[in-house]
Amino acid sequence: MLAITAAAVGLVLAAGCSKTGVSSDNDPPTGTMITNPEDGASLSSQTINVRGRAEVGATVEIMVNGESKGTALASPAVPDDGGLGRFTVVGVHLGDEGAKTISAAVTDLYGNRASENVEIDILLDMTAPPVAFEPPIEGAELDPISGNWSTGLPALTLVGITNTTADGTRVRYGGINEFLPTVYDTFEAPPGPDAVRFWVPLTTPPLTVNNPDSLIRYYVEAFDYAGNVSSEQVSIDWVAEGKDTTLTWDDGSFGSIDNQTTGQRGMKLATLFQAPTWANYVIGIHFFIMNDNVDNPNDPEAPSTKPFRALVWRPNQDILPGVEANEGLNPGELYPEEAWLELVIPNAVNISNDTHFPDKQFFVGMEWLHRSNPVIGLDDTYPIDFKSYRNNWSLWEPIENHDAMIRAIVSDVPAGELKRTAVLRPVRQTAEH
């Protein structure tokens with residue numbers, strides 16, 4: 001670079017020569033400009049490089065508030081931009097925080113000095129605006145016993161505090177995920193006198209039954225135009241407090257159309273299940289509804305199915321259906337035939353009481369309200385599990401050669417998957433950068 005610069009300057013000197021010697025140039029340099037930093041910029045670094053444009057071969061002296069901080073030669077530029085070269089003064093120290101005037105004094109190859117220095121004004125600001133996370137988490141409730149926050153999915157709001165020295169606020173995590181505030185409020189309080197409270201809505205990370213946990217370290221941040229950022233870390237352990245599983249004895253196929261059962265009003269059909277240790281509630285029942293071979297009088301293409309009572313029972317001492325554990329769920333009529341009817345129990349049945357549901361055993365099934373309707377599928381696939389029973393008004397008797405196509409859905413919380421809650425465990429840490 002030095003060789004190129006010297007050659008370029010030599011070319012300029014040669015261009016100013018004649019057979020009788022060096023020609024004189026009494027014109028002061030013009031067109032000088034400082035391009036970096038920009039006039040009016042706010043900076044957070046005490047040491048910067050000052051760049052600009054000046055006459056090729058000119059010496060540029062950079063001063064900060066009148067104090068010399070270094071010099072550089074203007075080298076040829078491509079494109080030449082009207083004959084101006086480029087200069088960089090490296091490592092200019094700005095001193096203490098505050099307003100600064102950066103000026104450039106320019107002297108050309110012939111000793112002519114520019115009539116006026118070129119000046120820009122900047123602000124050196126190395127102080128980050130304050131920031132703090134302010135409990136409570138909006139949209140969440142604190143459990144005073146466990147110390148955890150819980151919220152209904154899918155969103156909550158973090159609240160932060162800064163002051164008017166901040167030019168912006170946000171909450172971020174993972175480098176690329178950023179949430180911006182929707183509301184600001186200025187008030188008289190620390191870290192005042194002009195404190196600013198801001199609200200940042202957060203969306204829930206993906207939570208599924210197979211992936212129910214997600215620990216996220218959020219950063220509540222305030223920043224200024226100089227690039228100063230203050231952060232407070234809020235670690236939230238999102239937990240999908242709930243998982244479901246379907247309990248079944250059938251293999252999903254009734255085989256022959258003869259594998260079916262129905263009854264008269266007051267007859268009942270039930271299947272015994274045992275929930276896993278983590279499950280506390282029965283939240284749904286599934287029935288495979290067969291074709292009843294009866295035409296709908298209003299529309300031959302429509303189902304002709306009729307209402308029944310879907311039930312959960314406590315086991316009695318003989319491990320047969322005993323006391324009804326719910327009021328009975330009526331699915332209405334005209335539900336599809338040759339399909340699974342999936343019912344969600346509005347008031348899930350709590351099976352955590354070992355006296356009522358020993359070892360979390362329970363029965364689900366139905367009571368017929370109409371003669372021969374509906375028709376329930378039977379599975380004859382080997383092996384038969386002998387968990388299904390019929391009640392023909394008086395006694396419960398096992399079904400010997402089939403498993404009734406009835407299934408139970410159990411969960412560790414009373415709500416279904418679409419009504420999950422999240423458990424939040426904030427751990428507060430502060431960081432500045």
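Two strands count as paired here if DSSP finds at least two bridges between them. With that in mind, let us walk through this predicted model, starting with a strand that has two such partners.

Strand β25 covers residues 308-315, and 7 of its 8 residues are buried. One partner is strand β26 (residues 321-324), which runs antiparallel to β25 and is joined to it over 2 bridges. In this pairing, look for Trp313, which stands opposite Glu324 in β26. The two strands make a hairpin with 5 residues between them, and in the turn you will find Ile319 with a positive phi of about 55°. The other partner to visit is strand β28 (residues 361-368), also antiparallel to β25, with 6 bridges between the two. Here Ala310 faces Met366, a residue of β28.

Now move to an open sheet of 5 strands, where the pairing is mixed and the order reads β4-β10-β9-β6-β7. The edges belong to β4 (42-43) and β7 (67-73); each has a single partner strand, so one side of each lacks a neighbour in the sheet. Further in, strand β6 (residues 59-64) meets strand β9 (residues 98-107) in the antiparallel sense, over 6 bridges. Within β6 and β9, Ile62 sits opposite Ala104 of β9.

Strand β10 (residues 118-124) of this sheet carries Glu119, and that residue leads us out to the surface. Glu119 has a relative accessible area of 53%, and because the cut-off for exposed is over 50%, Glu119 counts as exposed. Around it lies a patch of negative charge on the surface, where Glu119 gathers with Glu38, Asp39, Glu116 and Asp121.

Note on methods. Residues numbered from 1 in each chain as written. Predicted model: local features only at pLDDT ≥ 70, side-chain atom pairs only at ≥ 80, totals over all residues. Heavy atoms only, no water. Patch = residues over 30% accessible without salt bridge, like charges linked within 9 Å, V, L, I, M, F, W, Y side chains within 5 Å. Areas by Shrake-Rupley, 256 points an atom, 1.4 Å probe, with all protein chains shown as cover. Salt bridge = Lys/Arg side-chain N within 4 Å of Asp/Glu carboxyl O. Lys, Arg positive; Asp, Glu negative; His and termini not counted. Charge placed at Lys NZ, Arg CZ, Asp CG, Glu CD. Helix = DSSP H or I, 4+ residues; strand = E, 2+ residues; numbered from the N terminus. Buried < 20%, exposed > 50% of the residue type's maximum accessible area, 1.4 Å probe, protein only.
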